[in-house]
Amino acid sequence: MDDIAPALLEKIRSAFKRLYDADSRIKSLLSKVSKGTATYQESLKYAQITGELLSKALQGNISSSILPDGKMYFNIAQRILQPTLKNNYDLVSDVAQNVQQSLNDAAGIGLKAQKAVLNQDKIDGIINRISSEGTFDDVSWILGEPVTNFTMSVADDTLKKNIEFQGKAGMAPKIVRKSAFKCCDWCASVVGT
């Protein structure tokens with residue numbers, strides 16, 4: 001049996017790069033980041049788009065028809081998802097850290113922005129879950145929303161890390177959550193300061 005992981009990983013990376021490089025929303029958000037005008041809301045939007053693009057690249061290149069016995073074996077999942085999810089972590093954590101640094105500078109806060117720690121447990125959870133079923137078709141949904149949620153969590157984790165860091169530095173940081181549209185019950189429950 002041939003080892004499909006290296007060629008599959010390369011196809012996914014190429015597809016993601018094409019999608020990422022062509023996305024006008026990514027270009028616009030990165031422009032704001034480089035100018036120092038991006039906000040955390042835009043950092044989260046960048047994370048969401050980046051997660052959706054990876055999800056699209058994964059879903060467009062992985063199917064039960066190309067997997068051995070139609071199953072996503074652990075070793076294949078590990079070798080494909082670990083580097084691609086890590087890449088999304090790198091992209092989003094860099095943007096979120098740069099946004100935080102710009103916000104610190106604009107507010108006259110002389111603290112270095114902190115980067116979120118890679119949440120390896122979340123990556124492991126995705127890998128373990130997708131390799132736990134007898135057929136890939138039963139778990140292919142994991143390459144959708146869970147991949148996007150993982151990527152978005154990097155922006156949230158960066159915010160949390162910086163709030164904790166500022167708090168330890170003697171500051172009193174606050175998070176203000178607003179709802180612009182009708183949102184789900186959970187989101188509505190966290191609206192406020």
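The legends below go with several close-up views of a predicted model.

**Figure 1. The whole chain is built from helices, with seven helices and zero strands.** Starting at the N terminus, the order of elements reads α-α-α-α-α-α-α. Along its principal axes, the C-alpha trace covers about 60 × 35 × 35 Å. Keep the helix labels in mind, as the next views use them.

**Figure 2. Helices H2 and H3 pack against each other at an angle of about 145°.** H2 takes in residues 24-35 and H3 takes in residues 40-61. Their axes lie 10 Å apart, and the crossing is left-handed. Which residues of H2 and H3 make the contact? From H2 come Arg25, Ile26, Leu29, Leu30 and Lys32. From H3 come Glu42, Lys45, Tyr46, Ile49, Thr50, Glu52 and Leu53. Sorted by class, the residues of this contact are six nonpolar, one polar and five charged. As you look along the helices, a general point may help: an α-helix has 3.6 residues a turn, so residues three or four places apart point the same way.

**Figure 3. Helix H6 has 24 residues and reaches 34 Å from its first C-alpha to its last.** That span is close to the 34 Å expected at 1.5 Å a residue. H6 covers residues 145-168. Just after H6 you can find glycine 170, which takes a positive phi of about 95°. Look out for H6 again in the views that follow.

**Figure 4. The largest pocket holds about 1,400 Å³ of space.** Its lining is made by 37 residues. Which of them lie nearest the centre of the pocket? They are Tyr40, Gln41, Leu44, Arg177 and Lys178. The elements that each give two or more residues to this lining are H3, H4 (74-106), H6 (145-168) and H7 (185-189). H6 gives the most, with ten residues. By class, the lining of the largest pocket has 19 nonpolar, eleven polar and seven charged residues.

**Figure 5. The second largest pocket holds about 190 Å³ of space.** Here the lining is short enough to name in full: Gln114, Ala116, Val117, Asp157, Lys160, Lys161, Glu164, Phe165 and Lys168. How many of these lining residues are nonpolar, polar and charged? The lining divides into three nonpolar, one polar and five charged residues. Try picking out the lysines in this view, Lys160, Lys161 and Lys168.

**Figure 6. One cavity of 30 Å³ or more turns up in a search of the whole structure.** About 30 Å³ of space lies in this largest cavity. Around it you can find Tyr89, Val117, Leu118, Asn119, Phe150, Ser153, Val154 and Asp157. Which helix gives the most residues to this lining? It is H6, with four residues. By class, the cavity lining has five nonpolar, two polar and one charged residues. Val117 and Asp157 line the cavity, and Val117 and Asp157 are also among the residues lining the second largest pocket.

Notes. Residues are numbered from 1 along each chain as its sequence is written. This is a predicted model: local features need pLDDT of at least 70, side-chain atom pairs count only at pLDDT 80 or more; totals for chains, interfaces and linings use all residues. Side-chain values use heavy atoms; hydrogens and water are left out. Axes are lines fitted to C-alpha atoms, for helices over the stretch in contact, and angles run from 0 to 180 degrees between N-to-C directions. A crossing is left-handed if the near helix is turned anticlockwise from the far one by less than a right angle, and right-handed if clockwise. Contact means heavy atoms within 4.5 Å. Ala, Val, Leu, Ile, Met, Phe, Trp, Tyr, Cys and Pro count as nonpolar, Asp, Glu, Lys and Arg as charged, and the others, Gly among them, as polar. On a 1 Å grid over the protein atoms alone, a cavity is a set of points where a 1.4 Å probe fits but cannot get out, and a pocket is an open set with protein on both sides within 12 Å along at least five of seven lines; lining residues have an atom within 4 Å of a point. Grid points are joined across faces, edges and corners, and a volume is the space filled by probe spheres set on the points. The expected span of a helix is 1.5 Å times one less than its number of residues.
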